[in-house]
Amino acid sequence: MATRRTTRAVVRSEPAAATATSRIPVRKTYKLYVGGQFPRSESGRSYVVRAPDGTPLANAVRSSRKDVRDAVRTARGAAAGWAGKTAMNRGQVLYRVAELMEGRRAQFVEEVAAAEGLPAASAQLLVDRSIDRWVWYAGWADKITQVLGTVNPVGAPYFNFSIPEATGVVGVVAPESSSLLGLVSRLAPAVVGGNAVVLLASESRPLPAVTLGEVLATSDVPPGVINILTGFRSELVPILAAHMDVNAIDVTGVDGDVAALEVLAAENVKRVVRAREDRSPWEIGAFMELKTVWHPIGR
């Protein structure tokens with residue numbers, strides 16, 4: 001008679017090194033956002049980003065002159081298509097950005113808290129205001145023409161219309177002290193009117209700006225409409241101000257005297273913008289040109 005053998009499964013416990021509590025976290029790599037992609041600087045340079053108490057947070061890309069030129073060229077290629085979209089469509093696209101920011105709200109709160117040395121509750125308030133401000137400006141996309149445009153009175157047999165149009169490529173220097181809210185407050189009015197933007201993030205607090213780039217990459221904003229650079233302001237702002245293919249530059253985030261930047265901007269009659277209010281339709285108008293059209297009255 002054959003002997004029947006039984007096989008018992010041997011269960012081995014996982015070693016302690018493989019448990020979830022001891023795993024090595026995947027560190028985030030912060031890059032630029034240009035043309036819908038995430039390149040590193042052509043120079044290969046980076047710099048350490050620290051919290052207000054000196055704690056190292058991450059390495060950020062230190063952009064070069066060539067990175068600025070690449071971003072401006074990309075923005076120029078996207079400007080006409082973005083300006084050519086209907087105002088309602090631009091508003092829908094930008095509202096989608098707010099939706100995606102809401103979905104990553106916890107991540108933004110964590111990064112703003114670390115960047116600005118704030119408790120979670122204060123950082124959450126800043127993130128909420130940033131999202132709400134984006135929604136507010138998106139809502140102005142199909143209304144700004146009625147506010148800025150007009151039918152001019154003339155004493156002749158023709159109509160005279162003034163219509164706001166996008167300026168083109170705009171350089172925006174985000175405020176140094178505000179990692180997200182200040183950035184959104186300057187970026188949104190520039191882009192909602194149909195401009196393409198090259199944004200220079202806060203030098204000391206750039207990480208929320210890079211995360212915003214990740215949001216833009218998964219949104220409906222066409223590649224090249226918004227480009228985000230990180231790096232040293234002393235190197236990059238003069239390059240942006242002097243670039244001959246930049247039509248306007250927002251220097252609200254520049255600390256100190258901007259007279260030297262105005263001289264550089266004058267080389268191609270570049271518009272220099274400084275914020276007057278945190279939230280206003282007139283901030284949109286600062287990045288737009290008024291075109292006047294005459295049309296004869298038919299008989």
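**Exercise 1. The lining of the largest pocket**

Determine which elements each supply at least two residues of the lining of the largest pocket in this predicted model.

*Solution.* Begin with the elements: β2 and α3 each contribute at least two lining residues, and α3 gives the most, with 4 residues. Next, list the lining itself, which consists of Arg27, Lys28, Thr29, Tyr30, Leu57, Ala58, Asn59, Gln107, Glu110, Glu111, Ala114 and Leu207. Sorted by class, this lining has 5 nonpolar, 3 polar and 4 charged residues. Finally, the volume that these residues line is about 350 Å³.

**Exercise 2. Helix α3**

Describe the span of helix α3, its buried residues and the elements they pack against.

*Solution.* Helix α3 covers residues 105-116, and its 12 residues reach 16 Å from the first C-alpha to the last, close to the 16 Å expected at 1.5 Å a residue. Taking buried to mean under 20% relative accessible area, the buried residues of α3 are Phe108, Val109, Glu111, Val112, Ala113, Ala115 and Glu116. These buried residues pack against β2 (56-61), α2 (87-103), α4 (120-139) and α7 (207-217). Glu111 belongs to the buried set of α3 and also appears in the lining of the largest pocket. The helix is followed by Gly117, whose phi is positive, near 65°.

**Exercise 3. The nonpolar cores**

Identify the residues with the most contacts inside the largest nonpolar core, and state which helix gives the largest share of that core.

*Solution.* The largest nonpolar core has 53 residues, and Trp134 and Ile226 are those with the most contacts inside it. Helix α6 (residues 181-192) provides the largest share of this core, 8 residues. A second, separate core of 25 residues includes Ala79, Val198, Leu200 and Ile239. Returning to Ile226, and leaving aside residues up to four places away in sequence, one finds that Ile226 touches Tyr33, Trp134, Leu187, Val191, Val197, Leu216 and Val221.

**Exercise 4. The largest cavity**

Characterise the lining of the largest cavity by residue, by element and by class.

*Solution.* The structure holds 1 cavity of 30 Å³ or more, and the volume of the largest cavity is about 30 Å³. Its lining is made up of Val68, Val198, Leu199, Leu200, Leu229, Leu236 and Leu240. The elements that give two or more residues to this lining are β6 (196-200) and α8 (233-242), with β6 supplying the largest share, 3 residues. By class, the lining of the largest cavity divides into 7 nonpolar, no polar and no charged residues. Val198 and Leu200 are among the residues lining the cavity, and both are included in the second core.

How values were computed
Residues are numbered from 1 along each chain as its sequence is written. This is a predicted model: local features need pLDDT of at least 70, side-chain atom pairs count only at pLDDT 80 or more; totals for chains, interfaces and linings use all residues. Side-chain values use heavy atoms; hydrogens and water are left out. On a 1 Å grid over the protein atoms alone, a cavity is a set of points where a 1.4 Å probe fits but cannot get out, and a pocket is an open set with protein on both sides within 12 Å along at least five of seven lines; lining residues have an atom within 4 Å of a point. Grid points are joined across faces, edges and corners, and a volume is the space filled by probe spheres set on the points. Ala, Val, Leu, Ile, Met, Phe, Trp, Tyr, Cys and Pro count as nonpolar, Asp, Glu, Lys and Arg as charged, and the others, Gly among them, as polar. The expected span of a helix is 1.5 Å times one less than its number of residues. Buried means under 20% relative accessible area, exposed over 50%, partly exposed in between (1.4 Å probe, protein chains only). Contact means heavy atoms within 4.5 Å. A nonpolar core is a set of buried Ala, Val, Leu, Ile, Met, Phe, Trp, Tyr and Cys residues joined through side-chain atoms within 4.5 Å.
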